Structure formats: C-alpha cells, structure tokens
Amino acid sequence: MLQLTILNEFPASLLTASARELAKHISGPTLIHLPGHRPDPLFVSVLLHGNEDVGWLAVQQMLREHREHRLPRACSIFVGNVAAAHSGVRRLEHQPDYNRVWPGSDSQGTAEHQIMREVVDVMRSKQVFASVDLHNNTGRNPHYACINRLEIEHLQLATLFGRTVVYFERPHGVQSRAFAEFCPAVTCECGKVGDAEGVTHAAEFLRSCLHLAAIPTSPVEKGDIHLFRTVATARVKADVSLGFAPQPQFELLSPTARPASHSAPVECDVMLRGDLEDLNFQELPVGSVMGYTRDANLMPLEVIDDAGRDATMDYLEIRDHAILLRKEVMPSMLTLLATVIRQDCLGYFMERYAYE
C-alpha cells in the first residue's frame, strides 16, 4: 500500500541523486521538513510529474548552498512521483496524474488522493508562508507562473518568478489550487526538460522566497505583469489515431477561403501540424490551421471550456479536411509528445486578462 513518508532532515545521499535514482533512497511520496530562521515554512513540491526534474534539481542546488548554515526560512519539500521519475515518464500507466489528485479533484478513492490530503492537512497546521509547485513545460513555452486566485499576494508571488502570469480554474485537483485555500500559491513552468536556464531560474526563485520576510500586499503595477486566463482545454479524442505532419507548411485561411490540398496524405484520424509547439503564447487569428482530419465529417478534437462544457464548435471547424480556429486564441502547452497528449491534453487556449 502506497504511503506518505515524513522526514525531519534531508538525507545527504539525496543531494547528489538524480530524479531517476531517487527510488534507491526513498520508497515513494516523501515530505521533508527543514528548519529555518523564520518558522512559517515555504512549501515546495517537485516531481509531481516524474519526467519533469527541474524542481528536484533546483531544490538540490538550493540546499547544497546551505549545507553549512541554517535556511533563512523553514522549508517543507514534497517529492511526488518517485516511481515515474525512476522510469523517466510523466506517470506510470496504472497511476493517476499526481497533479490531479489533490483536494478539490474531480476523482477520488486512490492511495494518491489520500496522500495529498495528508500533505495538505500537515502543511495547513504549520501555517505555510507560501506554496511553490515546480514543473517543466509541456511543449516549447516561455517560463511563466500560474495562479488560481487573483488576490494581491498570489499575484505578487507570481511576479517574483516573472512577468508572464496565467490564471486558471481548470483542471481541478492541482496542487496550487489546494494550497491557495490557505496561503499564496503558484505553479512555475520552467522551460523544457534539460533546460539549464530553467533550473537556474527555479533555484533563484526559491532563494528569493526563502529570504522574503513577507509577501508584499501592495497591488502589482500594470507594467509589471502580462496576465492571461485559461478559457478552455483542447484534447485529442481517445478513440482516434494521431500523427504529426512532417512539414509545417500550413496557411492562414480567411473565413470564406478553401484550404489548399495537403501535401502529405492524412494517414491517421488526425494529423496535427508539425510546428505546433511554435504556436504557444502566440495570438492566433481566426482561420489558423491546427491540423487535418482524415474524415471531413468527424471532428477528432474536443475543446472543454472552464465551466466544463463542450465548446468544440465554438473554437474549431472542419473545412475540406482542415481543422481551423473559429476564434482568436493564444495557446499554451501545445506539445508534439503523443504520450503526454494521451495522458493529459493537447494544450490550453488562453485570452488576455485585463488587470485592474
């Protein structure tokens, strides 16, 4: 039976262990409490997705720097999906997504759900200073912070990481949303796996959080933030075959134009454009081609809005086998990793959010 391990010191062997090697040292999800000069702890979660090691590397970097002296603030570190990290994957096939099983999730009943409830209960009792969840981006994206509340302290914490901030309400069951109930909370997206700049950025952010005496309560200046809101989630339907175009030669179509013949045969139910990741954080106009479908009468994608409604036909249409945008959107997290698309989603649609 999977259980939470709680430690009150950071084992020396973990300072040099890679994410893949963690399973040799800890048996599963582990919460590590470290003392500091200020008692209310910074909570840091890492490896909720086993292949996203930026948080683990940043924590190691930060702790190696404090080997000889006490942390400026207490810190509680949650190491998540150790088994998936050992295999270098987001999650194992039999596992739930570790960032969809926190309190407030749409699902329930697994050992992972119980572990996350236990982590929340323990940390709530410790009067957490702030919560930071560290991830690598899915797909090619800029570094950015995500929040689940638009309150000043959440915004201030996010802008300490960077000026690009995304506010989202779905998916449910994410770590930041659970912790936002009782402390400022942020998810940091730190570039693709293997990006050394992402590790440096994450470590610098942790240092800044640990040295803060308090999170500012003054409003964020408008010029200091680029704020977006996630309005919908795009998915490839589970029962369709998926492929990617070898060439990114896609055109922008006017509402009345007909698409040119696709240069490569559509050999699967949906063939997404091969430069998909380049569209992240780009404002796409109506008529942008997202891919091609083999059956012009079958929409292979689905779009679910933030209210949980099927909004596919609001955002997408098929014209002569081309899948086109019907609305202006700014996507994020679009990826060419088929496994991630199947296990999670194709990406998110955003819009600019007016910050008052």
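This report covers a helix pair, an open sheet and two buried residues. The model is predicted.

**Helix α4 and its neighbours**

Start with helix α4, residues 152–161. Its axis comes within 9 Å of the axis of helix α6, residues 196–211. The two axes cross at roughly 135 degrees. Angles of 65 to 115 degrees count as roughly perpendicular and those over 145 as roughly antiparallel. α4 and α6 are therefore oblique to each other.

Which residues of α4 meet α6? They are L157, L160 and F161. On the α6 side, the partners are H201, F205, S208 and C209. The residues of this contact divide into five nonpolar, two polar and no charged. An α-helix has 3.6 residues a turn, so residues three or four places apart point the same way.

Burial in α4 takes in H154, L155, Q156, L157, A158 and F161. L157 and F161 thus appear both among the buried residues and in the contact with α6. The buried residues of α4 pack against a mixed set of elements. Among them are strands β5 (130–135), β6 (144–147), β7 (164–167) and β8 (185–189). Helix α6 and strand β9 complete the list.

**T230 in strand β9**

Strand β9 spans residues 226–236 and holds T230. Is T230 buried or exposed? Its relative accessible area is 4%. The cut-off for buried is under 20%, so T230 is buried.

T230 touches V166, Y167 and F168, and also D306, Y348, F349 and M350. That list leaves out residues up to four places away in sequence. S87 lies elsewhere: T230 and S87 are 31 Å apart in space, C-alpha to C-alpha. In sequence, 143 residues separate them.

**N81 in a loop**

N81 sits in the loop between β4 (71–79) and α2 (82–87). Its relative accessible area is 0%, so N81 is buried. The side chain of N81 reaches the backbone nitrogen of A84 at 3.0 Å. Beyond four places in sequence, N81 touches L47, L48, G50, R90, R91, Q95 and Y98.

**The five-stranded sheet**

Next comes an open sheet of five strands. What is the order of the strands? It runs β10-β11-β12-β15-β14, with mixed pairing. β10 (242–244) and β14 (316–319) are the edge strands, and each pairs on one side only. Neighbouring strands are turned by 30 degrees against each other on average, direction ignored.

Three of the pairings are listed here.

| Strands | Bridges | Direction | Opposite residues |
|---|---|---|---|
| β11 (270–272) and β12 | three | antiparallel | M271 and Y292 |
| β12 and β15 | three | antiparallel | Y292 and A322 |
| β14 and β15 (322–325) | four | antiparallel | L316 and L325 |

Strand β12 covers residues 289–293. It is mostly covered: five of its five residues are buried. Y292 is worth following across the sheet. On one pairing, Y292 of β12 stands opposite M271. On another, Y292 stands opposite A322 in β15. β15 also takes part in the pairing with β14, where L316 stands opposite L325.

Notes:
Residues are numbered from 1 along each chain as its sequence is written. This is a predicted model: local features need pLDDT of at least 70, side-chain atom pairs count only at pLDDT 80 or more; totals for chains, interfaces and linings use all residues. Side-chain values use heavy atoms; hydrogens and water are left out. Axes are lines fitted to C-alpha atoms, for helices over the stretch in contact, and angles run from 0 to 180 degrees between N-to-C directions. Helices (H or I, at least four residues) and strands (E, at least two) are DSSP runs, numbered from the N terminus. Angles under 35 degrees count as roughly parallel, over 145 as roughly antiparallel, 65 to 115 as roughly perpendicular and the rest as oblique. Contact means heavy atoms within 4.5 Å. Ala, Val, Leu, Ile, Met, Phe, Trp, Tyr, Cys and Pro count as nonpolar, Asp, Glu, Lys and Arg as charged, and the others, Gly among them, as polar. Buried means under 20% relative accessible area, exposed over 50%, partly exposed in between (1.4 Å probe, protein chains only). Two strands pair if DSSP finds at least two bridges between them. A polar contact is a pair of N or O atoms within 3.5 Å; within protein, one must be able to donate a hydrogen and the other to accept it, and residues adjacent in sequence count only if both atoms are side-chain atoms.
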